[in-house]
Amino acid sequence: MDTLTNWIPNVIEYSNLFPQAIVDTLIMLFVTGVISLLIGLPLAIIVVVTKPEGICPNKTIFFILDKFINLFRAIPFVILIPMLSDPTRWIFHTTIGIKMAFVPLIVGTVPFVARQMESAMEEIPEGIVEASISMGMSPWQIVRHVYLKQNIPGMIRGMTIVLIAVIGQIAIVGTVGAGGLGDLAIRFGWQRRMNDITYVVLFLLLVIISIIQMVGDWLVKKTTH
Amino acid sequence: MIQLEHVTKTFKTKDGDVQAVKDVSIHVKEGMIYGIIGFSGAGKSTLVRCMNLLERPDEGKVIFDGQDLTQASPVELRKSRKKIGMIFQHFNLLPALTIYENIALSLRMEKTPKDEIDAKVMNLLELIDLVERKDSYPSQLSGGQKQRVSIARALVNDPKVLLCDEATSALDPQTTQTILKLIKRINKERGITVVMITHEMFVVKEICDRVAIMDAGRVVEEGDIVDIFSHPQEKMTKEFISTASNANKIDELIEQQHPITQLKENEQLVRLQYDQTNTSHPMISEISRKFNVDCSIIYGNIEILQESPIGTLICVLKGSDDDIRNSIACFKQDGIRVEVIKRGHID
């Protein structure tokens, strides 16, 4: 204990802050991941099927959606936060705390999920889709049985990348008052020059990212035939 | 069973329009194995894909079982597609499903009762001889096994037609033979009409009843396989036939002035072609006796197409000009086609 107090005095002093910060980070990660997948996956499906060479080509829908996704992918996340402060206030009646983080986090992540899911579905060979058409499958059946099910490892890989990127964005929202580990690192580690807190936060983030990566790899292995 | 009427398909590419199929009309009758052969880029794949409207023709009709598919509603079209099985060069099995699930998929979507699905799938697994691999995934199978699974999958809806798009092109010769035998068996036992797309003449020779030869989007020649092999008309057809036999090798040898093609005076190199009407007749010994002509055979080949033999002989006839002329006349009288390839001359 004495050595710990010597090595990381501030961490010991503020150790009561850590559990909440970890929980906040994990809640933001989980909620953002789930909601972004729920919105991003349908968007990806629409993009894939309405492509000129898709199973239900529709130039207008494809063009609008494709450009829309690009637009939101283009906005740097730090700019997205103030941009969305009005809708955030309108939805949650607050612009601080982890609730305030959900709006920019989800808005920033949905297009990313959509692109990742789109490319996973694009990896399914065109011939498999053609074989399904030739079997008399309807577009909806093809979405359900082919696009959604035939490259689950690719989708998991995509989500792993997304979640790890979201960890980075959670740290950014932390700096503007959303809480979480990033917030801890900025307010204590940086602003009060408590370097040991920064390093411990870093270590904890590393652990979280490693766990995400490990679980992701394990699931990919499990679902690859 | 399947009738294409004036089918045309053009693809728009950035280098301009490419007419893949130009005004093709063919009629695939019930119960036959119909071959469509052509070099790559001839439009044969596009043509077969027009048959189940994987490609929608720009012009023309696709009549399947009395119904024009180009006019069918999406629901009707899907119903018809279930009656047109299709297999592909690269098998296109669903990677996340087991062999059993791949075959059963189409029935599961129809909400067929489980025991009915099971009976049907097990029956097909027996047909393709892969019962013990039913829980394997496609990635664990060899190419030939995958193609057998895709055949079973195509048969699960009891189709009337099986379209084979280069079904054997990715397989080795031995596996190709197994697949061809399986296709022939399905055709005979289940009465399923088959359309075979291929660039290999031996595939056509092996199992087809009728063949269409395609070049640059058009069908240049079409007919019964025995007729096509015994009396090819078009240059393209002859080229394909020569790929399936050695009979044209002699032209190369002549060009290279190979010793066996060096003729003496009084000698002529001839190609004789005959079919079943005149295979039983001992022509060679007959002319030798009648005309004092010696005949030495330097190449011989007999193809058996739909159980009827087509023979090719390349031989050197030796004798006086008159005798050889009379022998040739005698051959021709018997319906043997004779082509004098080269005459001997005095050096």
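**Helix H11, chain A**

I began with helix H11 of chain A, residues 181-190, in this predicted model. Helix H11 is mostly covered, with 7 of its 10 residues buried. Buried stands for under 20% relative accessible area, exposed for over 50%, and partly exposed for what lies in between, with a 1.4 Å probe and protein chains only. I take helices as DSSP runs of H or I with at least four residues and strands as runs of E with at least two, numbered from the N terminus. The buried set in H11(A) is A:Leu181, A:Gly182, A:Asp183, A:Leu184, A:Ala185, A:Phe188 and A:Gly189. I then looked up what covers them. The cover includes H3, helix H10 (152-178) and helix H12 (195-223) of chain A. Contact here is heavy atoms within 4.5 Å.

Conventions, noted once. Residues count from 1 along each chain as its sequence is written, and chains are lettered from A and ligands numbered from 1 in the order written. The model is predicted, so local features need pLDDT of at least 70 and side-chain atom pairs count only at pLDDT 80 or more, while totals for chains, interfaces and linings use all residues; side-chain values use heavy atoms, with hydrogens and water left out.

**Chain A overall**

I tallied the secondary structure of chain A: 12 helices and 0 strands. The element string, read from the N terminus, is α-α-α-α-α-α-α-α-α-α-α-α. I took the box of the C-alpha atoms along the principal axes and got roughly 70 × 40 × 25 Å. Of the 225 residues in chain A, 49% are buried. Among contacts in chain A with a separation of 6 or more, 73% join residues 24 or more positions apart.

The exposed area of chain A is about 11600 Å², and carbon and sulfur atoms supply 70% of it. Accessible areas are Shrake-Rupley values with a 1.4 Å probe, and for residues only the protein chains shown count as cover. Chain A has 15 positive and 14 negative charges, whose mean positions lie 4 Å apart. Lys and Arg count as positive, Asp and Glu as negative; His and the chain ends are not counted. Each charge is placed at NZ of Lys, CZ of Arg, CG of Asp or CD of Glu.

**A:Thr32**

Is A:Thr32 buried or exposed? A:Thr32 counts as buried because its relative accessibility is 0%. I placed A:Thr32 in helix H3 of chain A, residues 17-50. Neighbours within four places in sequence aside, A:Thr32 touches A:Phe102, A:Leu105, A:Ile106, A:Thr109 and A:Val166.

**Surface patches**

I found a nonpolar surface patch made of A:Phe203, A:Val207, A:Ile211, A:Val215, A:Trp218 and A:Leu219. Together they have about 550 Å² of accessible area. A:Val207 lies in helix H12 of chain A. A:Val207 is partly exposed, since its relative accessible area is 33%. In an α-helix there are 3.6 residues a turn, so residues three or four places apart point the same way.

A positive patch takes in residues of chains A and B: A:Arg144, A:Lys149, B:Arg108, B:Lys111 and B:Lys114. I traced A:Arg144 to helix H9 of chain A, residues 139-147. A:Arg144 counts as partly exposed because its relative accessibility is 39%.

Patch residues have over 30% relative accessible area and no salt bridge; like charges are joined within 9 Å, nonpolar side chains (Val, Leu, Ile, Met, Phe, Trp, Tyr) within 5 Å. A salt bridge puts a side-chain nitrogen of Lys or Arg within 4 Å of a carboxyl oxygen of Asp or Glu.

**Chain B: H1 and positive phi**

Helix H1 of chain B, residues 44-51, is mostly covered, with 7 of its 8 residues buried. I listed B:Lys44, B:Thr46, B:Leu47, B:Val48, B:Arg49, B:Cys50 and B:Met51 as buried. B:Leu53 follows H1(B) and has a positive phi, near 60°. Most residues other than glycine have a negative phi.

I looked up two further positive values. B:His6, not a glycine, has phi of about 50°. B:His6 sits in strand E1 of chain B, residues 2-13, and is partly exposed at 49% relative accessibility. B:Asp158 has phi near 50°. B:Asp158 is in the loop between helix H5 (143-155) and strand E7 (161-165) of chain B, and is partly exposed at 43%.

**B:Leu317**

B:Leu317 belongs to strand E13 of chain B, residues 308-318. B:Leu317 is buried, as its relative accessible area is 0%. Its contacts beyond four places in sequence include B:Asn266, B:Val270, B:Ile287, B:Cys295 and B:Phe331. B:Ile328 is also in contact with B:Leu317. I checked that pair: 11 residues apart in sequence, 9.7 Å from C-alpha to C-alpha.
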